[in-house]
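Here is a walk through one model, with a look at its contacts and at what sits inside or outside. Have the viewer open while you read.

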Amino acid sequence: MSQYLWFKAKINNDHKVALNSNTKELSITLGSNQSIPLFILPCPSQEVSAMGDRETRNHSEVTDFILVGFRVGAELHLLLFLLFLLVYAMILLGNLGMMTIIMTDPRLNTPMYFFLGNLSFIDLFYSSVIAPKAMINFWSESKSISFAGCVTQFFLFALFIVTEGFLLAAMAYDLFVAICYPLLYSVQMSTGLCTQLVAGSYFCGRINSVLQTSLTFTLSFCASRAVDHFYCDIRPLHRISCSDLFIYKVVAFSLSTIIVLPTIIVIIVSYMYIVSTVLKIRSTEGRKKAFSTCSSHLGVVSVLYGAVFFMYLTPDRFPELSKVASVCYTLVTPMLNPLIYSLRNKDVKEAVKNILEKKNTIL
């Protein structure tokens, strides 16, 4: 609905006011029959809006959103673009490389690398949901994203980030069995069980994504179309909603608790048993080897959950801090995961060495 900015004038009894509905021209005729034209100037709805319009405008009328991004000067946009481009290139190279190595080297056909390959796949795709659009907006004047695009971005990101949490829990269980029950490892971690754990991770991620997306985009967005973030996330979307968020926040918190809390419990309990078992090993070399096996996974878990907790525990009045935390788990974590596992893993190093030697032989 268009709004118009009215110019006010003092009108006496001998003055006549006329409004042309076609041209939106307002004229005042003075007592001397002198007519003075005034104009009603259109202005954007986000700048001037009647309270009644704000209350009646709902999500079905929103056709697009504006991704505000980082509140920095225009001169820093090039720097941010280059930084995002560099990080995203490393994400593509690292995760595609990791998946290629795991699929081509038969020695890596184990449950641990099966999970790691899926972790690289998830990292690759959820960073691809965020980074390209953010880089485009660094150069765009409008910085807009369609309503359908925002829904899709929200849905896919919620799907992959929760799936990664469940996958990390499955990897913690895999380490628990490998260290605490090494003789039963091949029986316990069968191909069927590994496939079920990965499929279950995606299923839980999908359930969370469907529910969160449905709850978020049935809200009424009436305050503004400007999302104060570089992608469509739950908290900045709440800020531009005029719906009563109390019930929604209770439902969203309950959903997050039911879905996310089990992954944290599995990881913590697994590591409690792992630490207890490792401390019982008499050999210093054995303890060192066991802790080295866990260190890569523990580093990935710490980076991801640390950034997520910082993001959602930061007060809502500090949106810029939330954006920095979001960069950590949307871009930095997917970039670091392949490096952490490749630099601290002898099997991956050997696989890379063999691939390079084969290429040199062919050349």
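Is Asp228 buried or exposed, going by its relative accessibility? At 14% relative accessibility, Asp228 counts as buried. Buried here means under 20% relative accessible area, exposed means over 50%, and partly exposed is what falls in between, with a 1.4 Å probe and protein chains only.

A quick word on the ground rules. This is a predicted model, and local features need pLDDT of at least 70, side-chain atom pairs count only at pLDDT 80 or more, while totals for chains, interfaces and linings use all residues. Residues are numbered from 1 along each chain as its sequence is written, and side-chain values use heavy atoms, with hydrogens and water left out.

**Salt bridges**

Back to Asp228, then. Asp228 forms a salt bridge with Lys323, with the closest N and O atoms 2.8 Å apart. Asp228 lies in the loop between S8 and H7 and Lys323 in helix H10 (residues 319-343), so the pair ties together parts that are 95 residues apart in sequence. Helices (H or I, at least four residues) and strands (E, at least two) are DSSP runs, numbered from the N terminus. A salt bridge is a side-chain nitrogen of Lys or Arg within 4 Å of a carboxyl oxygen of Asp or Glu, and the structure holds five of them.

Lys323 is buried, at a relative accessible area of 0%. Glu320 also forms a salt bridge with Lys323. Glu320 and Lys323 are three residues apart in helix H10, about one helical turn. An α-helix has 3.6 residues a turn, so residues three or four places apart point the same way. Glu320 itself is partly exposed, with a relative accessible area of 30%. Put Arg71 in as well and you have a network of salt bridges linking Arg71, Asp228, Glu320 and Lys323.

Here are three of the bridges, with their closest N and O atoms:

| Acid | Base | Closest N and O atoms |
|---|---|---|
| Asp105 | Arg107 | 3.2 Å |
| Asp228 | Lys323 | 2.8 Å |
| Glu320 | Lys323 | 2.8 Å |

In the Asp105 and Arg107 bridge, Asp105 is buried, with a relative accessible area of 10%, whereas Arg107 counts as partly exposed at 49% relative accessibility.

**Helix H4 and its disulfide**

Now scroll to H4 (residues 147-180). This helix has 34 residues and reaches 50 Å from its first C-alpha to its last, close to the 50 Å expected at 1.5 Å a residue; the expected span is 1.5 Å times one less than the number of residues. Of its 34 residues, 26 are buried, so H4 is largely enclosed by the rest of the structure.

H4 also carries one end of a disulfide. Cys150 is joined to Cys232, S to S 2.0 Å, where a disulfide is a pair of cysteine sulfur atoms within 2.5 Å. The torsion about the S-S bond of Cys150 and Cys232 is about -125°, so the disulfide is left-handed. The two ends come from distant parts of the chain: Cys150 sits in helix H4, and Cys232 in the loop between strand S8 (226-227) and helix H7 (234-239), 82 residues apart. Both Cys150 and Cys232 are buried. Cys180, on the other hand, is in no disulfide, and its nearest cysteine sulfur, that of Cys294, is 8.7 Å away. Cys180 is buried, at a relative accessible area of 16%, while Cys204 counts as partly exposed at 25% relative accessibility.

**Aromatic pairs**

Rings of Phe, Tyr and Trp (its six-membered ring) pair if their centres lie within 6.5 Å; planes under 30 degrees apart count as stacked, over 60 as edge-to-face and the rest as tilted. The structure holds 21 aromatic pairs. The rings of Tyr126 and Phe157 have their centres 5.8 Å apart and their planes at 75°, so this pair is edge-to-face. Tyr126 is in helix H3 (residues 111-139) and Phe157 in helix H4, 31 residues apart, which makes this a link between distant parts of the chain. Both Tyr126 and Phe157 are buried.

For Tyr305 and Phe309, the ring centres are 6.0 Å apart and the planes are at 45°, so the pair is tilted. Both lie in helix H9 (residues 284-313), four residues apart, about one turn of the helix. Tyr305 is buried at 11% relative accessible area, whereas Phe309 is partly exposed at 41%.

One aromatic cluster includes Tyr126 and Phe157, along with Phe70, Phe84, Phe138, Phe230, Tyr231 and Tyr329.
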